[in-house]
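Please open the model in your viewer and keep the selection tool at hand. This tour goes from the whole chain to single side chains, with a suggestion at each stop for what to select next.

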Amino acid sequence: MITCEAIADHAREFIAHSPLNVIPRDIALNDSVVGLRLCDAPIFGFGDPDDPVFDELNTPAANVVLRPSEWLPGVKTIISFFLPFTEQVKKGNSRDLSYPSLEWLHARIDGQKVVSALAVSIQTFLKENGHDAVAPGLEAKFLANYDIYSSNWSERHIAFVCGLGTFGLSKGLITKRGMAGRFCSILTTLALPPTPREYRDIYEYCNRCGVCVRNCPVQAISLENGKAHQPCSDFLDDVLAKHDPYYGCGKCQVRVPCANGVPGRITT
């Protein structure tokens, strides 16, 4: 019988031993990042595919997020995981807040390869034990409909549904392991108990301290309006032009109170 803990154990073993999680010399942007470990062990949340939050994600004013059953008929559980970046990655990106570090560029792009490989590994694990499974973020109909502002499956909103955390001003998700990392999800016909959500509001963990506002190199975040996508996107385009195929920034996810966990409340 597969349990939530069995899936988490499988994932931890994968991350501990996957060669994808270490930067080899032949792809390193600089000798300083050879041997860099990208991701720590993941944390998991489990969700109900009929959660009422999906009604809110499909209002006329919101992006249209496909229902779990539209990805996998007979789905019984949503599995969401967060792969936190290592301290070496976060410290590297904390040195200079004006431009992304080489550590962060590798974590953003090569770290996503680790995420995808882990998702495939979990899918295989489930299927080998008699349960169908689909990772929407790896499916052709997701990739065909994805753009920088919207998609038909939002990993961060799914993580919210699965009890992993709530949003911050920068639109990243604050988890018990912080913000710096990558999310992914798998749908399965295996029935597992949902993770209780320890929050109600979609921004509940954000204490509006404003540090991410000050960190942003292009002033794309404000206390009044949160994150403005266009200046952020333009900056990422500039980074990509210099480091193709690498891009990223992440200054709103380091040297902030939510970098490594849920921040404390601000008292007045």
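What follows is a walk through the chain as a whole, then its salt bridges, and then three single residues with their surroundings.

**Before you start**

This is a predicted model, in which local features need pLDDT of at least 70 and side-chain atom pairs count only at pLDDT 80 or more, whereas totals for chains, interfaces and linings use all residues. Residues are numbered from 1 along each chain as its sequence is written, and side-chain values use heavy atoms, with hydrogens and water left out.

**The whole chain**

Begin with a cartoon view, in which the chain shows 9 helices and 8 strands; these are DSSP runs, numbered from the N terminus, with helices (H or I) of at least four residues and strands (E) of at least two. The radius of gyration is 18 Å, close to the 18 Å that the globule rule gives for 268 residues, so the chain is as compact as a globular protein of that length. That radius is taken over C-alpha atoms, and the globule rule is 2.2 Å times the number of residues to the power 0.38. If you turn the C-alpha trace along its principal axes, it spans about 50 × 45 × 35 Å.

Now colour by accessibility: buried residues make up 51% of the 268 residues, where buried means under 20% relative accessible area, exposed over 50%, and partly exposed in between, with a 1.4 Å probe and protein chains only. Of the contacts with a separation of 6 or more, 76% are between residues 24 or more positions apart, a contact being heavy atoms within 4.5 Å.

**Salt bridges**

Next, display the side chains of Lys, Arg, Asp and Glu. A salt bridge here is a side-chain nitrogen of Lys or Arg within 4 Å of a carboxyl oxygen of Asp or Glu, and by this rule the count comes to 10.

Select Asp51 and Arg197, whose side chains meet in a salt bridge at 2.9 Å, N to O. This pair links distant parts of the chain, 146 residues apart, with Asp51 in the loop between strand S1 (43-47) and helix H2 (53-56), and Arg197 in the loop between strand S6 (181-188) and helix H8 (211-215). Asp51 counts as buried at 9% relative accessibility, while Arg197 is partly exposed at 32%.

Move to Arg67 and Asp55, which also form a salt bridge, again with 2.9 Å from N to O. Arg67 lies in the loop between H2 and helix H3 (68-71) and Asp55 in helix H2, so this pair ties together parts that are 12 residues apart in sequence. Arg67 is partly exposed at 30% relative accessibility, and Asp55 is likewise partly exposed, at 45%.

Then select Arg95 and Glu103, where the closest N and O atoms of the salt bridge are 3.1 Å apart. Arg95 is exposed, with a relative accessible area of 59%, but Glu103 counts as buried at 8%. To end this stop, select Glu5, Asp9 and Arg12 together, since they are linked in a network of salt bridges.

**Lys90 and helix H4**

Is Lys90 buried or exposed? Select it in helix H4 (residues 87-94), and you will find it buried, with a relative accessible area of 6%. Beyond its neighbours within four places in sequence, Lys90 is in contact with Phe85, Ala180, Val254, Ala259 and Asn260. Extending the selection along H4 brings in the buried residues Val89, Lys90, Gly92, Asn93 and Ser94, and the buried residues of this helix pack against helix H5 (102-128).

**Leu164**

Go on to Leu164, in the loop between helix H7 (155-161) and strand S4 (165-167), where it is buried with a relative accessible area of 7%. Leaving out residues up to four places away in sequence, Leu164 touches several residues, including Ile43, Phe44, Phe82, Ile174, Phe183 and Tyr199. Of these, Phe82 is 82 residues from Leu164 in sequence and 7.9 Å from it in space, C-alpha to C-alpha.

**Val262**

Finish at Val262, in the segment after helix H9 (229-243), which is partly exposed with a relative accessible area of 37%. Setting aside neighbours within four places in sequence, Val262 is in contact with Ile174, Thr175, Lys176 and Tyr205. For a last distance, pick Val262 and Arg12, which are 250 residues apart in sequence and 22 Å apart in space, C-alpha to C-alpha.
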